[in-house]
Amino acid sequence: MSTLPFKSRFNWTVVDGDPSRQITHNILSNEPSEPVSQDRLLNPDGCVVLATPDDSAKPVFCEQTVSVSPVYQVTRLALIAECAKLELHVGRTQEYYQTYQGELIFQTDDSQLYRFDVEFENTGIAEFMLRFITHPGEPLCLYGMHLLIERNTNPLGLLASDSTLNRAMLDCQLDDRKLSETAARCKAFIVASMRNRMFGSQNVVNNNPDAESGASTGTASDTSSSIRATGSGSETMAIGRYIDEKFRQLEASLEAKLQAIETRQSEKLDRILALLQGGKSNCDN
């Protein structure tokens, strides 16, 4: 059984080389994130040659799907291939991410080698697919690929099937702001429910938090603080910020609606007063 923190598969047939040796990796917490050298990527042991499957009804591009363990996320990758262009798709739904043009590093009469360096802007990406754009029917030679991965400190990324939620989470990485007591109480309940759903935590907040913690009844902010203290700090912080932002948006929307109602009421009262004053003036005349 493989102990590597990732898996890889191709939709084409491997005709030469060992796919299990094609990918190397670094974990940021354990090793420095220095640029990958050409020599490391051009390791002959990591070279694989692929061909279109015999049972393929129509020409298809070669695709390589890589998935890492959910506790990790991919931040960068580097690879060398006999291919000038590739498409990157991310997430379990393989949402299109970007098209990359490789850098020509070596050329002979028969082949051209291109290097690709990809940096992921989104967080929580644990699966991606590379589509190599080549001429149909021609074999494809791939050299080494190197992944730079790190521990996934954003628990919401585990639930993301595409990059849409990731982009929303990046936009919500804001400093905590003061919530109303009602909003904080709702936030505390949702945070507890999400933590219980994702991590199987037994220390969730219920309608009577004193029965579990032995603490006296406190304010909503105390309840929210106790939740952050019981769980993992980084995981709860990410969830807390996301929920904070949602409630801030909800409060802003409600406040705008109340302001609009108040404005309309004031305008009506002004018109009524104007009519009354006009009627009084007519009576006096």
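## Aromatic pairs

Rings of Phe, Tyr and Trp, the last through its six-membered ring, count as a pair if their centres lie within 6.5 Å. A search of the whole structure, which is a predicted model, finds two aromatic pairs. In one of the two, Tyr 97 and Phe 120 are tilted, with 6.0 Å from centre to centre and 50° between the planes. Tyr 97 belongs to strand β8, whereas Phe 120 sits in the loop between β10 (112-119) and β11 (127-133), so the pair ties together parts that are 23 residues apart in sequence. Tyr 97 and Phe 120 are buried.

Phe 120 also pairs with Phe 128: the ring centres are 5.7 Å apart and the planes stand at 45°, so this pair is tilted. Phe 128 is buried, as is Phe 120. Tyr 97, Phe 120 and Phe 128 thus make up one aromatic cluster.

## Salt bridges

Side chains of opposite charge can pair when their charged atoms come close. The count for this model comes to four salt bridges. In one of them, Arg 131 is joined to Glu 63, and the closest N and O atoms are 2.8 Å apart. This pair links distant parts of the chain, Arg 131 being in strand β11 and Glu 63 in strand β5 (residues 62-68), 68 residues apart.

Arg 131 counts as partly exposed because its relative accessibility is 22%, and buried would require a value under 20%. A salt bridge also joins Arg 131 to Glu 87, at 3.4 Å from N to O. Since Glu 87 lies in strand β7 and Arg 131 in strand β11, the pair ties together parts that are 44 residues apart in sequence. Glu 63, Glu 87 and Arg 131 are therefore linked in a network of salt bridges.

Another salt bridge connects Arg 115 and Asp 117, with 2.9 Å between the closest N and O atoms. The two partners fall into separate accessibility classes: Arg 115 is buried, with a relative accessible area of 11%, and Asp 117 is partly exposed at 46%.

## Nonpolar cores

In soluble globular proteins, nonpolar side chains tend to be buried together. The largest nonpolar core in this model has 34 residues, and the members that touch the most others are Leu 79, Leu 88, Phe 120, Phe 128, Phe 132 and Leu 147. Two of these names, Phe 120 and Phe 128, also appear in the aromatic cluster.

Neighbours within four places in sequence aside, Leu 79 is in contact with Leu 41, Leu 86, Tyr 114, Arg 115, Phe 116, Leu 130, Phe 132, Gly 144 and Met 145. A second core, separate from the largest, has eight residues, including Val 36, Cys 47, Ile 80 and Tyr 143.

## Two loop residues

Gly 17 is in the loop between β2 (13-16) and β3 (23-27), and at 37% relative accessibility it counts as partly exposed. Residues up to four places away in sequence not counted, Gly 17 touches Cys 47 and Val 48. Of these, Cys 47 is among the members of the second core. Tyr 143, also in that core, is 126 residues from Gly 17 in sequence but 9.8 Å away in space, C-alpha to C-alpha.

Most residues other than glycine have a negative phi. Gln 94, in contrast, has a positive phi, near 55°. Gln 94 is located in the loop between β7 (85-90) and β8 (95-101). With 31% relative accessibility, Gln 94 is classed as partly exposed.

## Surface patch

On the surface, Leu 269, Ile 272, Leu 273 and Leu 276 form a nonpolar patch, with about 400 Å² of accessible area together. Leu 273 is part of helix α6 (residues 233-284) and is partly exposed, with a relative accessible area of 49%. That value does not reach the exposed class, which starts over 50%.

## The chain as a whole

The secondary structure amounts to six helices and 12 strands. The chain has 285 residues, of which 35% are buried. Among contacts with a separation of 6 or more, 82% are between residues 24 or more positions apart. The accessible surface of the chain is about 17200 Å², and carbon and sulfur atoms account for 50% of it.

Conventions: Residues are numbered from 1 along each chain as its sequence is written. This is a predicted model: local features need pLDDT of at least 70, side-chain atom pairs count only at pLDDT 80 or more; totals for chains, interfaces and linings use all residues. Side-chain values use heavy atoms; hydrogens and water are left out. Helices (H or I, at least four residues) and strands (E, at least two) are DSSP runs, numbered from the N terminus. Buried means under 20% relative accessible area, exposed over 50%, partly exposed in between (1.4 Å probe, protein chains only). Rings of Phe, Tyr and Trp (its six-membered ring) pair if their centres lie within 6.5 Å; planes under 30 degrees apart count as stacked, over 60 as edge-to-face and the rest as tilted. A salt bridge is a side-chain nitrogen of Lys or Arg within 4 Å of a carboxyl oxygen of Asp or Glu. Contact means heavy atoms within 4.5 Å. A nonpolar core is a set of buried Ala, Val, Leu, Ile, Met, Phe, Trp, Tyr and Cys residues joined through side-chain atoms within 4.5 Å. Patches are made of residues with over 30% relative accessible area and no salt bridge: like charges are joined within 9 Å, nonpolar side chains (Val, Leu, Ile, Met, Phe, Trp, Tyr) within 5 Å. Accessible areas come from the Shrake-Rupley method with a 1.4 Å probe; for residues, only the protein chains shown count as cover.
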